[in-house]
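Ready for a walk through a protein in your viewer? Keep the selection panel at hand, and we will go from stop to stop.

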Amino acid sequence: MRTLHLGAAVVAMHENGLTVTHLMDGKEIPAVPQATEDYRARARELGYGDDTAAMSRDHEIGHSVLACLLGLPESPTLRGVADERFWRHWRAEEAAVLAFQAYARIAGVDMVEIADRLEGAARASFVGERA
């Protein structure tokens, strides 16, 4: 298992394709690739071919990456899912994550590498603030 720390969220990527996002209060949002034709069609549309596991992983990471880039501690949409209360603007966030995923795929940029860079920059910033 590999973990990424983005803002206050921790994204755990399991080898079987399961991704679990841990929010700042300890709530967890598990995400697993779905075995439906609609899900496979979305994977193809976003540039993943039939690799629904990679699409699912990148999508969950994308929520936390965008939140981190915006200076938010965690994704408001994932917070809404965790609290079983949809955030009223979840569609805008969902569209942004899907567009970001598609653009990253077209540009040949790996979403996990983006998250690694953000995580490293945050650590470096924190160390610089303490010095």
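**First stop: the opening hairpin**

Select Thr3 and look across to Ala12 in E2, which stands opposite. Residues here are numbered from 1 along each chain as its sequence is written. You are looking at a predicted model, where local features need pLDDT of at least 70, side-chain atom pairs count only at pLDDT 80 or more, and totals for chains, interfaces and linings use all residues, while side-chain values use heavy atoms, with hydrogens and water left out.

Now select residues 2-6, which are strand E1; five bridges join E1 to E2, and the two run antiparallel. Two strands pair if DSSP finds at least two bridges between them. Strands (E, at least two residues) and helices (H or I, at least four residues) are DSSP runs, numbered from the N terminus. E1 and E2 form a hairpin with two residues between them, and in its turn you will find Gly7 with a positive phi of about 65°.

**Second stop: on to E2 and E3**

Colour residues 9-13 to see strand E2, which is mostly covered, with four of its five residues buried. Buried means under 20% relative accessible area, exposed means over 50%, and partly exposed lies in between (1.4 Å probe, protein chains only).

Which residue of E3 stands opposite Val10? Select His22 and you have the partner of Val10. E2 and E3 pair over four bridges in the antiparallel sense. Their hairpin has five residues between the strands, and Gly17 takes a positive phi near 100° there.

**Third stop: E3 meets E4**

Stay on His22 and look to the other neighbour: Glu28 in E4 stands opposite His22. Strand E3 covers residues 19-22, and four bridges join it to E4 in an antiparallel arrangement. This hairpin of E3 and E4 has five residues between the strands, and Gly26 in the turn has a positive phi of about 95°.

Next, show the side chains of residues 28-31. In a regular strand the side chains alternate between the two faces of the sheet. Along E4, Ile29 and Ala31 point to one face and are buried, whereas Glu28 and Pro30 point to the other and are not.

**Fourth stop: the loop after H1**

Select helix H1 (37-45) and helix H2 (52-69), then pick Asp50 in the loop between them. Is Asp50 buried or exposed? Asp50 is exposed, with a relative accessible area of 52%.

Turn on the side chains of Arg40 and Arg44: leaving aside neighbours within four places in sequence, Asp50 is in contact with these two. Contact means heavy atoms within 4.5 Å. Draw a distance between the C-alpha atoms of Asp50 and Arg40 and you should get 5.6 Å, for residues 10 apart in sequence.

**Fifth stop: a buried aspartate**

Move along to Asp58, which lies in helix H2. At 3% relative accessibility, Asp58 counts as buried. What does Asp58 touch, not counting residues up to four places away in sequence? Select Tyr48, Gln101, Arg105, Met111 and Val112 to see these contacts. You can also add Leu98: the C-alpha atoms of Asp58 and Leu98 are separated by 9.5 Å, although the two are 40 residues apart along the chain.

**Sixth stop: towards H4**

Select Glu84 in the loop between helix H3 (76-82) and H4. Glu84 has a positive phi of about 55° although it is not a glycine. At 77% relative accessibility, Glu84 counts as exposed.

Then follow helix H4 (residues 90-107) to Ala107. Ala107 counts as partly exposed, at 46% relative accessibility. From Ala107 to Glu60, 47 residues away along the chain, the C-alpha distance is 19 Å.

**Last stop: zoom out**

Show the whole protein as a cartoon and trace the chain: from the N terminus on, the elements run β-β-β-β-α-α-α-α-α. That comes to five helices and four strands. The C-alpha trace spans about 50 × 35 × 30 Å along its principal axes.

Of the 131 residues, 40% count as buried. Finally, consider the contacts with a separation of 6 or more: residues 24 or more positions apart account for 49% of them.
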